[in-house]
Every structure is written in structure tokens, then in C-alpha cells.
Amino acid sequence: MSWQILLAAFGLWFAIEGILYAAAPDTMKRMAEFLARLPVESIRSGGMWSALLGLVLFYVAVRFC
């Protein structure tokens, strides 16, 4: 795997997250408050599914595009 692709993926991740915080800070604050009320297992499960989806999308992008 090329480090260039990995660096580009991290850069895109930071850019998108930064845009979300800059464009809708109140919404992001409400999301953080919502997450604080969830049970740890729900957050962990959501994180695992998100990571799995991210890996699948990354694989598809590298392998087939």
C-alpha cells in the first residue's frame, strides 16, 4: 500500500471533519452531548461498524479505482 494514499485519506478525513465543525458548530456540539448520554457499548459498536465501512471503502478505492 502506498503511504501517499494513506496520507491523502487522513488529509481528506481532517478536511471533512474541519468543515463540519466550521459550518455547523452548534450541531457538532449537540452531537457530542448526545454521544455523552449513550452507553459505552453503543458507541463502541458504532465505532466498529464505522471503521469496518471505512476499511471496505478504502479497499474498494485502492483496488478498483
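Okay, let's start with burial: just 2% of the 65 residues in this protein chain come out as buried, where buried means under 20% relative accessible area, exposed means over 50%, and partly exposed is in between, with a 1.4 Å probe and protein chains only. Before I go on, this is a predicted model, so local features need pLDDT of at least 70 and side-chain atom pairs count only at pLDDT 80 or more, while totals for chains, interfaces and linings use all residues. Residues are numbered from 1 along each chain as its sequence is written, and side-chain values use heavy atoms, with hydrogens and water left out.

On to surface area. The chain exposes about 5,900 Å², and carbon and sulfur atoms supply 74% of that. Those areas are Shrake-Rupley with a 1.4 Å probe, and for residues only the protein chains shown count as cover.

Now the fold. We have three helices and zero strands, running α-α-α from the N terminus. The radius of gyration is 15 Å, well over the 11 Å that the globule rule gives for 65 residues, so the chain is more spread out than a compact globule. That radius is taken over C-alpha atoms, and the rule is 2.2 Å times the number of residues to the power 0.38. Along its principal axes, the C-alpha trace spans about 40 × 30 × 15 Å. For the helix calls, these are DSSP runs, H or I with at least four residues, strands being E with at least two, all numbered from the N terminus.

Next, the pocket. The largest one has a volume of about 570 Å³. Of its 16 lining residues, Ala9, Trp13, Ser50, Gly54 and Leu55 are the closest to the centre. Which elements give two or more residues to that lining? They are α1 (3-23) and α3 (40-64), and α1 gives the most, with eight residues. By type, the lining splits into 13 nonpolar, two polar and one charged. Here nonpolar is Ala, Val, Leu, Ile, Met, Phe, Trp, Tyr, Cys and Pro, charged is Asp, Glu, Lys and Arg, and the others, Gly among them, are polar.

For the method people: on a 1 Å grid over the protein atoms alone, a pocket is an open set of points where a 1.4 Å probe fits, with protein on both sides within 12 Å along at least five of seven lines, and lining residues have an atom within 4 Å of a point. Points join across faces, edges and corners, and the volume is the space filled by probe spheres set on them.

Let me stay with Ala9 for a second. Ala9 sits in helix α1 and is partly exposed at 31% relative accessibility. Its C-alpha is 8.4 Å from that of Phe58, 49 residues apart along the chain.

Last topic, aromatics. The whole structure has three aromatic pairs, where rings of Phe, Tyr and Trp (its six-membered ring) pair if their centres lie within 6.5 Å, with planes under 30 degrees apart called stacked, over 60 edge-to-face, and the rest tilted. Trp13 and Phe14 have ring centres 5.3 Å apart and planes at 25°, so that pair is stacked. Trp13 is partly exposed at 47%, whereas Phe14 is exposed at 55%. Tyr59 and Phe64, with centres 6.3 Å apart and planes at 90°, are edge-to-face. Tyr59 is partly exposed at 49%, and Phe64 is exposed at 59%. Ring pairs also link Phe10, Trp13 and Phe14 into a cluster.
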